[in-house]
Amino acid sequence: VLQISKDDVTALQCKVVCLIQNGNFKEALSVINTHTKVLTSDVIAFEKAYCEYRLNRIENALKTIQSASQQTDKLKELYGQVLYRLERYDDCLAAYRDLIRNSQDEYEEERKTNLSAVVAAQSTWEKVMPEDLGLREATYELCYNSACALIGQGKLSEAMKKLQKAEELCRQSLSEDSDVTEEDIEAELAIIHGQMAYIMQLQGRTEDALQLYNQIIKLKPTDVGLLAVIANNIITINKDQNVFDSKKKVKLTNAEGVEHKLSKKQLQAIEFNKALLAMYTNQADQCRKLSASLQSQSPEHLLPVLIQAAQLCREKQHAKAVGLLQDFADQHPANAAEIKLTMAQLKIAQGSVTKACMILRSIEELQHKPGMVSALVTMYSHEEDIDSAIEVFTQAIQWYQQFQAIIHDLWCSVFQPKSPVHLSLIREAANFKLKHGRKKEAISDLEELWKQNPKDVHTLAQLISAYSLVDPEKAKVLSKHLPSSDTMSLKVDVDALENSHGATYVRKKAGKLTGDNQQKEQGQGDVKKKKKKKKGKLPKNYDPKVTPDPERWLPMRERSYYRGRKKGKKKDQVGKGTQGSTTAGSSELDASRTASSPPTSPRPGSAAAVSAASNVIPPRHQKPAGAPATKKKQQQKKKKGAKGGW
């Protein structure tokens, strides 16, 4: 037909629809753009917008829909999808509500599912409290979207129950189809199981979450968006551990088409984790490149700057990291508080506690918070700068006193505290001053507290204790205000308290004493019987007349007189000279064996040995005659590397 009439509108429309049905969206859009005179926006607006939507040209699709002269139902349906992809959830919600209200056909269930998906996205990404749409959760898609909305609210236990219900409904609906296999059911359940694992991860059950994540990856689902989210979550579990596994999982986040499946915040979180992984794997250049790219995309976001500062700290460039954070704080005053807290932490890590205190005191919106006051006082105390710590207390008390009425009314209406904040700070300041010897300053604080509440016995007792160290007469006067001991006595049944179930000590009841026991009680000078100590066994060759060897408890090789094992006992028996010669006359020719030489030791069993047997002293009791005096020489000898017998 087109060969006969190339501008035939019906033929061109049929060709475009056929190309769309075959998935040839580029070719279909090319046909539309080449015949703009014939295929006007009124004729083929939906087909053009749909091709642009499928080609991920979302902004162009929105312009095409808005330029159409007549908004048909199918254009409105596509308009809702486009708004969802653009993350304009409020407009998308209004569009689907209008569709559900003004249409009645077989696609009503799908519209309700899309409506619940918009509500879940608002709850998750915009932290909007979802309204009850009154949708009956008859399908697993509606149950799943409801669970996602609950996750956004932090109701994890309820969300898990919804996901379990969604899993049951999914199995029931798919098992009714005989053509659907178990693998198909598991593939469909993968996204539900992924959300279950995410809830486990949020609950701290990281091992269970990791196991379920890996099961889903083994199924190899075709949804690249699901795989990217699971891989990212596994990386967050691994952190700086199991880096090799994290590097493998990063590849799943780089799959083609992932950027069109996930929201902007999901993609941003993945990029942040890539930068952190590069830092943990010591890829400094890659880390800087990724963080710089993230900062250019979101100049006001904190994380890119914090990652860059962390990388500089790993490179021991703390001063440069602090300078980077200071520049960011100056450029973005709205985020200055969090940045300055990080700067203070870096200064503390460097040991510059005083500089950290100066940075913390420059945060005006947090300067008078009780937590900040406590931190500053602790840090100044660590540096023994008591004056600065007291100054922090004073400034905070003055600030709270200035706005006492407003703050007290606000807190009473919301939190209902027992006392205003400034009174708590005064008490803490008084305790601090007493601890560090500033008694007069502490007394003024305690007097102010007592004026505020004259019935406070605890404050009065502290005041009297402080005055007793400075002005004893004043302490006596104030002690008259203390309640009498009769009014303060507690009516407690001691016996009942001791016999109660929770008593750790019970007094034994006094039993009747017999005659013998009475005598023992009366005899105050009686001494308790002592257990007899057994005498230790002595060695068989023990001689009480001989002083024991003081080194007898040391191992033999650690004793000062130990010379090691004797070598070469059979040295004299080795023949020398030509073969067959004897050594009988060698002793006669030995010049060392002269009359002046001392006699050699007698051999065992000889007459000299037997005669001296009665005078032998066991080695446990006496050192050998030639033993060295100290152990030091022997240790030096060992260091020279003697090899034998050690």
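1. Some terms first. A residue is called buried when its relative accessible area is under 20%, exposed when that area is over 50%, and partly exposed in between. D105 shows the middle case: with a relative accessible area of 33%, D105 is partly exposed. Please keep in mind that this is a predicted model.

2. Salt bridges. The structure holds 15 salt bridges. Side chains of opposite charge can pair when their charged atoms come close. The points below take some of these pairs in turn.

3. R111 and D105. These two residues form a salt bridge, and their closest N and O atoms are 2.7 Å apart. How accessible is each partner, R111 and D105? R111 has a relative accessible area of 5%, so R111 is buried. D105 has a value of 33%, which makes D105 partly exposed. The bridge therefore pairs a buried arginine with a partly exposed aspartate.

4. K76 and D98. Here too there is a salt bridge, with 3.9 Å between the closest N and O atoms. Which parts of the chain does the pair of K76 and D98 tie together? K76 belongs to helix α5 (residues 73-85), while D98 belongs to helix α6 (residues 89-102). The pair therefore ties together parts that are 22 residues apart in sequence. K76 counts as partly exposed because its relative accessibility is 27%. D98 is also partly exposed, at 27% relative accessibility.

5. R288 and D285. The side chains of R288 and D285 meet in a salt bridge of 3.1 Å, taken from N to O. This one sits within a single element: both residues lie in helix α16 (residues 284-297). They are three residues apart, which is about one turn of the helix. R288 is partly exposed, at 35% relative accessible area. D285 reaches 60%, so D285 counts as exposed.

6. A network. Salt bridges can also share partners, and this joins E167, R171, E182 and E186 into one network.

7. Cysteines. How many disulfides does the structure hold? The number is zero. A disulfide is a covalent bond between the sulfur atoms of two cysteines. Take C14: its closest cysteine sulfur is in C18, at 6.5 Å, and that is too far for a bond. The cut-off used for a disulfide is sulfur atoms within 2.5 Å. C14 is partly exposed, with 45% relative accessibility. C313, by contrast, is buried, at 16%.

8. Cavities. Rolling a probe the size of a water molecule over the atoms shows where empty space is left. The count comes to two cavities of 30 Å³ or more. The largest cavity contains about 50 Å³ of space.

9. The lining of the largest cavity. Which residues line the largest cavity? They are R361, Q367, H368, L376, V392, Q395 and A396. Helix α22 (residues 386-402) gives the largest share of this lining, three residues. By type, the lining divides into three nonpolar residues, three polar residues and one charged residue.

10. An annotated repeat. UniProt, in an unreviewed entry, places the feature "repeat: TPR" at residues 190-223. What does the model show over residues 190-223? The chain there is 76% helix and 0% strand. The end C-alpha atoms of this stretch are 10 Å apart. The repeat label comes from the UniProt record, whereas the helix content is computed from the predicted model.

Key
Residues numbered from 1 in each chain as written. Predicted model: local features only at pLDDT ≥ 70, side-chain atom pairs only at ≥ 80, totals over all residues. Heavy atoms only, no water. 1 Å grid on protein atoms, 1.4 Å probe; cavity = no way out; pocket = protein on both sides within 12 Å on 5 of 7 lines; lining within 4 Å. Points joined across faces, edges and corners; volume = space filled by probe spheres on them. Helix = DSSP H or I, 4+ residues; strand = E, 2+ residues; numbered from the N terminus. Nonpolar A, V, L, I, M, F, W, Y, C, P; charged D, E, K, R; others polar. UniProt positions renumbered as here; feature names shortened; annotations may be inferred. Buried < 20%, exposed > 50% of the residue type's maximum accessible area, 1.4 Å probe, protein only. Salt bridge = Lys/Arg side-chain N within 4 Å of Asp/Glu carboxyl O.
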